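Trainee: I should like to understand how the descriptive terms used for a structure are justified. May we go through them one at a time?

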Amino acid sequence: MTVTFTPPSLVATDAYHHSRAASQNEAAAKFAKGQLLDALNGSSDVQRILLKAAAGAGKSFLLRGLVRDAIAQPKCLRVAVTAFQNRQLWPLATSLGNDVGKDSVYLWASKRVFNDVPDWVRAAASVVDSVKAIPQDAPIVLTTTHMFGMTRQHVRNHFGTTFHGDHRFDVLFVDEAWQLPHHLFDKITYIAPIHVGVGDVGQLPPLEIAENPWRGDPGFNPYRAWPTAYEGDDTKTWATELPAVWRPTGEQLGLWRAFYPEWESLNCVAAPGDRSIGLGSLSGTAKAVWESVATGVPTLLEVHGLPDAEAADVDLPLVEFIEGLLDELFTAGFTLFEQKYNDDGTPSGKTNVGRPGSEPDDPLIAILATRNQAVDDAADAVARLSAKHSLTESDIVASTVDSWQGQTNGITIAIHPLTGAFELDEFNSAFGRLAVTCTRATHGLLMVSRPGLDSLLQQAPARPGTPFGEPGNRHLPRQTHQRILASFARGTVTVTPAP
């Protein structure tokens, strides 16, 4: 059956690209550097610097630059870099080690995690499992917030004071700052007098809100992201946004803007046409679907005629439909082409090429779903496809949305969180969950669903946007869902079940 896709009604037609977009982040970084150096040198009383990023804004690159800027200052002896998860620190430790030298960068892992640290991290940074193994003059120390929170006395006993009062570090850098709840941040504020938080304001927090004994008390919510307590009129906090993103295609920018509508501007380094997907010989439904995905425009396909699902978000027939599309794609063959850029966003003239078997840094394809049971079904499909087409984890993976936070892949195939639902609830309408789902892909996004998304949103009562004080519209109201759907090319297909 032929599928016809209608183009999105929400399109970014006024965007900046290449160096014109990248220069906006560079300007924000220069302002942040000035604020940090003034705070270190005592000419400013700013204690917190917050850099808000959209997904794929290159925030880790900016964070590394600020770390280098800090340790180069005469009044900065030592800095700490932390994040909620060990895996978030590994690429940071590697990049910093490559920048300033292995002997200057110490990744402090717990004894439980020490053996899991990859060899590529150990090649670039010094990896230790005890604070006593860190030289007292080490300029950069990385460890998780959990480790810093548990070992306060050990940290104070091991390191001497720095240039700023009775602190052991001059600056505390927090990566993925909006992922860290305030009650965990409170345990590590002792580290340094200056706190720099960098992160995506639209991601999932590490802790689900669940049953909150403080619910109903607007003055105290331990599960909110810690930077939200200091935004607004706090005179000792300086905050800014990074107004450009590097990850998406230029054709995806309308979707990115749908998640950050309150931002003054949001532009994309990649211009339309800078990324493309080369397709082999396809036919029928698969041809129409993959040609739509290959345009770079986010694509939503509603599938009619499937057998009933077990539950709204555990849908084996829908997963098997996805498996069929992927089987045809791998049989036909495909290639991902990507324009490479210089650090300032100008095209380098070089092109990255990825295809099955090329062992790319990021997986070519990721299948994402919200529930573990749905991902189990997707993992079974991946195993069958891998056996048939001799694929590896570099070619295709399956994951929960929550676990894939912070990851990047070429093409995303995702089951819409609202598929089959009869109401909007706290889980299926969460801002962060849908934002992570939609913002992982560098080349193409295919969202699949049972029919009925529009009628669900027309009939469902609107939910409050920020009932727990989280940043942005973390729990999406009905109207926000509708705005996001407007950024997709949309099509429908009816399948005939096999007898």
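**Terms and their grounds**

Mentor: We may begin with the overall make-up: this is a predicted model, and its chain has 14 helices and 19 strands.

Trainee: What makes the chain as compact as a globular protein of that length?

Mentor: The radius of gyration is 23 Å, and the globule rule gives 23 Å for 499 residues; the two are close, so the chain is as compact as a globular protein of that length. Along the principal axes, the C-alpha atoms fill a box of roughly 75 × 50 × 45 Å. Of the 499 residues, 56% count as buried, and 76% of the contacts with a separation of 6 or more are accounted for by residues 24 or more positions apart.

Trainee: What is known of the surface and the charges?

Mentor: The accessible surface comes to about 20,500 Å², and carbon and sulfur atoms hold 49% of that. The chain has 41 positive and 55 negative charges, whose mean positions are 6 Å apart.

Trainee: How many aromatic pairs does a search of the whole structure find?

Mentor: The search finds eight aromatic pairs. One of them joins phenylalanine 148 and phenylalanine 169.

Trainee: Why is the pair of phenylalanine 148 and phenylalanine 169 called edge-to-face?

Mentor: The ring centres are 6.0 Å apart, and a pair requires centres within 6.5 Å. The planes meet at 75°, and an angle over 60 degrees counts as edge-to-face. Both conditions are therefore satisfied, and the pair is edge-to-face.

Trainee: What does this pair tie together?

Mentor: Phenylalanine 148 lies in helix H5, whereas phenylalanine 169 lies in the loop between helix H6 and strand E6, so the pair ties together parts that are 21 residues apart in sequence.

Trainee: Why is phenylalanine 148 called buried?

Mentor: Its relative accessible area is 0%, and buried means under 20%. Phenylalanine 169 also has a value of 0% and is therefore buried. These two residues belong to one aromatic cluster with Trp108 and Phe159.

Trainee: Which aromatic pair involves tryptophan 246?

Mentor: Tryptophan 246 pairs edge-to-face with tyrosine 341, at 6.4 Å centre to centre and 75° between the planes. The pair links distant parts of the chain, 95 residues apart: tryptophan 246 is in the loop between strand E9 and helix H8, and tyrosine 341 is in strand E13.

Trainee: Are tryptophan 246 and tyrosine 341 buried or exposed?

Mentor: Tyrosine 341, with a relative accessible area of 16%, is buried, since the limit is under 20%. Tryptophan 246, at 26%, is partly exposed, as its value falls between 20% and 50%.

How values were computed
Residues numbered from 1 in each chain as written. Predicted model: local features only at pLDDT ≥ 70, side-chain atom pairs only at ≥ 80, totals over all residues. Heavy atoms only, no water. Helix = DSSP H or I, 4+ residues; strand = E, 2+ residues; numbered from the N terminus. Rg over C-alpha atoms; globule rule 2.2 N^0.38 Å. Buried < 20%, exposed > 50% of the residue type's maximum accessible area, 1.4 Å probe, protein only. Contact = heavy atoms within 4.5 Å. Areas by Shrake-Rupley, 256 points an atom, 1.4 Å probe, with all protein chains shown as cover. Lys, Arg positive; Asp, Glu negative; His and termini not counted. Charge placed at Lys NZ, Arg CZ, Asp CG, Glu CD. Phe/Tyr/Trp six-rings, centres within 6.5 Å; stacked < 30°, edge-to-face > 60°.
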